[in-house]
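Work through the exercises below with the sequence and the model side by side. Try each task before reading its solution.

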Amino acid sequence: MAEDEKTTLERFIKVFSGLPLEERSQTIAVIDEQPINWNLAYQHIKNNTELGKKIGEKLKELEII
């Protein structure tokens, strides 16, 4: 795993782990007209998918992670 990707995952998990379970189903971003919630974002970022990379960049841009 590249260092930048690892950093994104670490940053995401730090925020994600502190969220109440109810909050994890809330939409946090819209990527390619698709609403993304915390749970979906976690799966894609963890598995290093192309969508996960887009989500990670968007969350950094929005200063969520």
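## Exercise 1: Loops and positive phi

At 57% relative accessibility, D32 counts as exposed, because the cut-off for exposed is over 50%. The model used here is a predicted one.

Task: find where D32 is located and what is marked about its phi.

Solution.
- Step 1. Locate the residue: D32 sits in the loop between strand 1 (27-31) and strand 2 (34-37).
- Step 2. Look at how the strands are joined: strand 1 and strand 2 run antiparallel, with four bridges between them. V30 stands opposite P35 in strand 2.
- Step 3. Read the backbone angle: in this hairpin, which has two residues between the strands, D32 has a positive phi near 50 degrees.
- Step 4. Set this against the general rule: most residues other than glycine have a negative phi. D32 is a residue other than glycine with a positive value.

Task: which loop holds N48, and is N48 buried, partly exposed or exposed?

Solution.
- Step 1. N48 belongs to the loop between helix 2 (38-46) and helix 3 (50-61).
- Step 2. The relative accessible area of N48 is 33%, so N48 is partly exposed.
- Step 3. The phi of N48 is also positive, near 55 degrees.
- Step 4. A further positive phi, of about 60 degrees, is found at E63, just after helix 3.

## Exercise 2: Helix 3

Task: check whether the distance between the ends of helix 3 agrees with its number of residues.

Solution.
- Step 1. Helix 3 has twelve residues, and at 1.5 Å a residue the expected span is 16 Å.
- Step 2. The C-alpha atoms at its ends are 17 Å apart, which agrees.

Task: which residues of helix 3 are buried?

Solution.
- Step 1. The buried residues in helix 3 are L51, G52, I55, G56, L59 and K60.
- Step 2. For the spacing, recall that an α-helix has 3.6 residues a turn, so residues three or four places apart point the same way.
- Step 3. Take L51, in helix 3, as one case. Its relative accessible area is 18%, and the cut-off for buried is under 20%, so L51 is buried.
- Step 4. List what L51 touches: leaving out residues up to four places away in sequence, these are I31, Q34, I36 and H44.
- Step 5. Compare sequence and space: L51 and A41 are ten residues apart in sequence, and their C-alpha atoms are 8.6 Å apart.

## Exercise 3: The nonpolar core

Task: how many residues does the largest nonpolar core have, and which elements give two or more residues to it?

Solution.
- Step 1. The largest nonpolar core has 15 residues. Those with the most contacts inside it are F12, I36, W38, A41, I45, I55 and L59.
- Step 2. Two or more residues of this core come from each of helix 1 (3-16), strand 1, helix 2 and helix 3.
- Step 3. Follow L59: apart from neighbours within four places in sequence, L59 is in contact with F12, I28, A29, I45, I64 and I65.
- Step 4. As background, in soluble globular proteins nonpolar side chains tend to be buried together.

## Exercise 4: Aromatic rings

Task: what kind of aromatic pair do F12 and W38 form, and what kind do F12 and Y42 form?

Solution.
- Step 1. The structure holds four aromatic pairs.
- Step 2. F12 and W38 make a tilted pair, with 5.5 Å from centre to centre and 40 degrees between the planes. The pair links F12 in helix 1 to W38 in helix 2, 26 residues apart, and both residues are buried.
- Step 3. The ring centres of F12 and Y42 are 6.3 Å apart and the planes lie at 20 degrees, so this pair is stacked. F12 is in helix 1 and Y42 in helix 2, so the pair ties together parts 30 residues apart in sequence.
- Step 4. Compare accessibility: F12, at 0%, counts as buried, whereas Y42, at 23%, is partly exposed.
- Step 5. Join the pairs: F12, F16, W38 and Y42 are linked into a cluster by ring pairs. R24 lies over the face of F16, 4.2 Å from the ring centre.

How values were computed. Residues numbered from 1 in each chain as written. Predicted model: local features only at pLDDT ≥ 70, side-chain atom pairs only at ≥ 80, totals over all residues. Heavy atoms only, no water. Buried < 20%, exposed > 50% of the residue type's maximum accessible area, 1.4 Å probe, protein only. Expected span 1.5 Å × (residues − 1). Core = buried A, V, L, I, M, F, W, Y, C linked by side-chain atoms within 4.5 Å. Contact = heavy atoms within 4.5 Å. Phe/Tyr/Trp six-rings, centres within 6.5 Å; stacked < 30°, edge-to-face > 60°. Lys NZ or Arg CZ within 6 Å of the ring centre and 35° of its normal. Pairing = 2+ DSSP bridges.
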